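Work through the exercises below with the model open. Try each task before reading its solution.

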Amino acid sequence: MFGADNAHVRRTCDGIAKVVRTPAFQGPAYDDLTMLMVCMTPRSGSQYLGSVLRDNGLGLAHEHFRYTGGAIEQIVTEHALDTFEDFVRDQIDRNISQRKVFSAKADWMQFLPLYYLGAYQHYFRSAHYVYLTRHDRLDQAVSRFIATESRYFHTTYHDHKDAVAAVVFSYEGIAAHLDHILALEKAWEQFFLSEAITPLRIFYEDLAADAAGVICGICDHLGRPRPEHAIIETEFKIVRTQKNAEFKARFQRQRQEDRQIFAIEFATSHLRG
């Protein structure tokens, strides 16, 4: 997922080029803006964090640069955009807060075309970066598996809440989500190292325990005054059920059993030799 010679990078950029032209970026800089980029992995609390940033005047940190599922095609058509830079500037211009802050969140897949097609170098090189992940990646993978299977991604998705009960355990499914999360983390770390960026690192667990403290830390990172009374109650809540804990324990048991079976079979095969 990282590197100019990576096949996925090429495919992604080729896909963008089928929708808009991709000449070099040359528009005026946003020197008067504070730019915040939340670099995230899925199921890390980014939707809740975005809502808290919004309610505390730090911009509408949505996935402004989503390009899959027809997202970029719809925006390009609605706003008569011609180039990828037009698309990027359109998303910035329409999402600047009253306090002159532009905030966005993106997973690596969404940030990738910004990085390789010129937007990072031209507009986001001096942005403030926050890296949002989780301490417990297996919890994260289980959460993403259940959310993907049920379509119950957020507490605002009321129509899908009951579908969680019907989700069936899948070792392979959870393992695939775990691998995907770890691959995204690896790409983000490559990006930070390559560009000498020291992001503000925030963990989902810290956000859940002390959202006000997290917001104050982000304000410090941006060089902005801390809110006197941080607003932390929004429409988003933590999504967790007993099924999360059950699936996590079951996944761990299966991995441990697989290890034990391998050890026995390996020892037996060598005794025969």
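Contact here means heavy atoms within 4.5 Å. The model is predicted: local features need pLDDT of at least 70, side-chain atom pairs count only at pLDDT 80 or more, and totals for chains, interfaces and linings use all residues. Residues are numbered from 1 along each chain as its sequence is written, and side-chain values use heavy atoms, with hydrogens and water left out.

**Exercise 1. The surroundings of Phe 111**

Find the residues in contact with Phe 111, leaving aside its neighbours within four places in sequence.

Solution.
- Step 1. Set aside the neighbours within four places in sequence.
- Step 2. List what is left: Met 37, Ala 106, Tyr 120, Tyr 129, Trp 188 and Phe 191.

**Exercise 2. The nonpolar cores**

Which residues have the most contacts inside the largest nonpolar core, and which helix gives the largest share of this core?

Solution.
- Step 1. Fix the terms. A nonpolar core is a set of buried Ala, Val, Leu, Ile, Met, Phe, Trp, Tyr and Cys residues joined through side-chain atoms within 4.5 Å. Buried means under 20% relative accessible area, exposed over 50%, and partly exposed in between (1.4 Å probe, protein chains only).
- Step 2. The largest core holds 43 residues, and Val 88, Phe 111 and Phe 124 have the most contacts inside it.
- Step 3. Helix H5 (residues 108–116) supplies the largest share, six residues. Helices (H or I, at least four residues) and strands (E, at least two) are DSSP runs, numbered from the N terminus.
- Step 4. A second core is separate and has 20 residues, among them Ala 61, Leu 132, Ile 202 and Leu 222.

**Exercise 3. The partners of Lys 248**

Is Lys 248 buried or exposed? Trace its salt bridges to Asp 136 and Asp 139.

Solution.
- Step 1. A salt bridge is a side-chain nitrogen of Lys or Arg within 4 Å of a carboxyl oxygen of Asp or Glu. The whole structure has 13.
- Step 2. Lys 248 is buried, at 18% relative accessible area.
- Step 3. Asp 136 meets Lys 248 at 2.5 Å, N to O. Asp 136 sits in the loop between strand E3 (128–133) and helix H7 (137–150), Lys 248 in helix H11 (residues 242–272), and 112 residues separate the two. Asp 136 is partly exposed, at 22%.
- Step 4. Asp 139 also bridges to Lys 248, with the closest N and O atoms 3.6 Å apart. Asp 139 lies in helix H7 and Lys 248 in helix H11, so this pair ties together parts 109 residues apart in sequence. Asp 139 is partly exposed, at 23%.
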